[in-house]
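Student: Please take a close look at one part of this model. I would like the local details first, then how they sit beside the rest.

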Amino acid sequence: MISYKELGLVNSRELFTKAVKGGYAIPAFNFNNMEQLQAIIAACVETKSPVILQVSSGARKYANQTLLRYMAQGAVEYAKELGCNIPIVLHLDHGDTLELCKSCIEYGFSSVMIDGSHHDYNKNVELTAQVVEYAHKYDVSVEGELGILAGVEDEVSAEHHTYTQPEEVQDFVQKTGVDSLAISIGTSHGAFKFKPGQNPEIRLDILAEIERRIPGFPIVLHGASSVPQDIVAQINQYGGKLKDSIGIPEEQLRAAAKSAVCKVNIDSDGRLAMTAAIRKTLFDNPAEFDPRKYLGPARDMLKALYIHKINNVLGSDGKASIND
């Protein structure tokens, strides 16, 4: 068993308390490889932002659970090398079983999500409470979920939204003991969230009612990529076929981050940015075969995107002080 504290990581509890009071959200960026991790840490150090490094079950299989542990430890040391000891959380995104959550905790994760939203309410409560009981023995924070997001991303898939019912949240939080709650208010997974002609709009009214019922409790938004249209256009310009890719307007995400939402998950936007840079590089230099020559620009574009998100959407810039 490896404790996350030995790796220099922190759990999310104190970060969320500060974020709720400060009216900002902690960035939760998914990663699968070294270049993504470098971009995330470099962006967060430059902006002095705390960060949640998110790993899905699929990403864990891809990268290898042992390598991930050392990558997380390396991220902590890399941040120090860049000049800022920012708080870093290693978080399991969309864990679906108690066994998976246990395994991640034993390999050094400081936070886990147990997504029981595909079960009925009582089963969701039972499963979430089991994970909380185990995780809290090791001071690991736990995120639960109520409601279902539509869309496809990694191994998570659903055809239709099921909005979170505000009348359930207080009971769920009390019975499970979770540290944060992911809700469904109109965001969705993947790059194809809405169709042309639709007016993307998250249900800030549901968010307000949830906040009224559990004031000060940390709320999480999944599926919160905005799918920047200039990046989609670049992908298509250089051979891609991403038609009708539309996401959540950034001004709506900023409004959510100013209220009870203290963690915003962003994955698809990062994938799009890296893909756009790689396509352009290989289009401009078709003879190139050195991965560093196309993954380097992809890393730079991802870093720039995340700096923008931190400064202009989440508001977490300058909030990295561990002692304030």
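Tutor: Helices and strands here are DSSP runs, numbered from the N terminus; a helix is H or I over at least four residues, a strand E over at least two. This is a predicted model.

Take the loop between α2 (34-47) and β2 (51-56). Lys-48 is placed there. What is the sign of phi at Lys-48, which is not a glycine? Phi is positive, about 55°. Lys-48 has a relative accessible area of 47%, so it counts as partly exposed.

Now compare His-94. Its phi is also a positive value, near 55°, and His-94 is a residue other than glycine. His-94 lies in strand β3 (residues 88-95). Is His-94 buried or exposed? His-94 counts as buried because its relative accessibility is 10%, and the cut-off for buried is under 20%.

Next, the packing. Leu-53 is among the residues with the most contacts inside the largest nonpolar core. The others named are Ile-88, Leu-181 and Ile-219. That core has 89 residues. Helix α12 (residues 291-314) gives the largest share of this core, eight residues. What does Leu-53 touch, leaving out residues up to four places away in sequence? The list holds Phe-29, Phe-31, Leu-37, Ile-40, Ile-41 and Ala-75. It continues with Ile-88, Val-89, Leu-90 and His-91. A second, separate core has nine residues. Among them are Leu-15, Tyr-24, Val-89 and Cys-262. Val-89 therefore belongs to that second core, yet Leu-53 touches Val-89.

Now a helix pair. The axes of helix α5 (residues 98-106) and helix α6 (residues 121-136) come within 10 Å. They cross at roughly 20°. That makes α5 roughly parallel to α6, because angles under 35 degrees count as roughly parallel. The crossing is right-handed. From α5, the contact uses Leu-98, Cys-101, Lys-102, Ile-105 and Glu-106. From α6, Leu-127, Gln-130, Val-131, Tyr-134 and Ala-135 take part. By type, the residues of this contact are seven nonpolar, one polar and two charged.

Last, a surface position. Gln-237 lies in helix α9 (residues 229-237). Gln-237 has a relative accessible area of 54%, so it is exposed. Gln-237 and Ile-114 are 123 residues apart in sequence. Their C-alpha atoms are 39 Å apart in space.

Note on methods. Residues are numbered from 1 along each chain as its sequence is written. This is a predicted model: local features need pLDDT of at least 70, side-chain atom pairs count only at pLDDT 80 or more; totals for chains, interfaces and linings use all residues. Side-chain values use heavy atoms; hydrogens and water are left out. Axes are lines fitted to C-alpha atoms, for helices over the stretch in contact, and angles run from 0 to 180 degrees between N-to-C directions. Angles under 35 degrees count as roughly parallel, over 145 as roughly antiparallel, 65 to 115 as roughly perpendicular and the rest as oblique. A crossing is left-handed if the near helix is turned anticlockwise from the far one by less than a right angle, and right-handed if clockwise. Contact means heavy atoms within 4.5 Å. Ala, Val, Leu, Ile, Met, Phe, Trp, Tyr, Cys and Pro count as nonpolar, Asp, Glu, Lys and Arg as charged, and the others, Gly among them, as polar. A nonpolar core is a set of buried Ala, Val, Leu, Ile, Met, Phe, Trp, Tyr and Cys residues joined through side-chain atoms within 4.5 Å. Buried means under 20% relative accessible area, exposed over 50%, partly exposed in between (1.4 Å probe, protein chains only).
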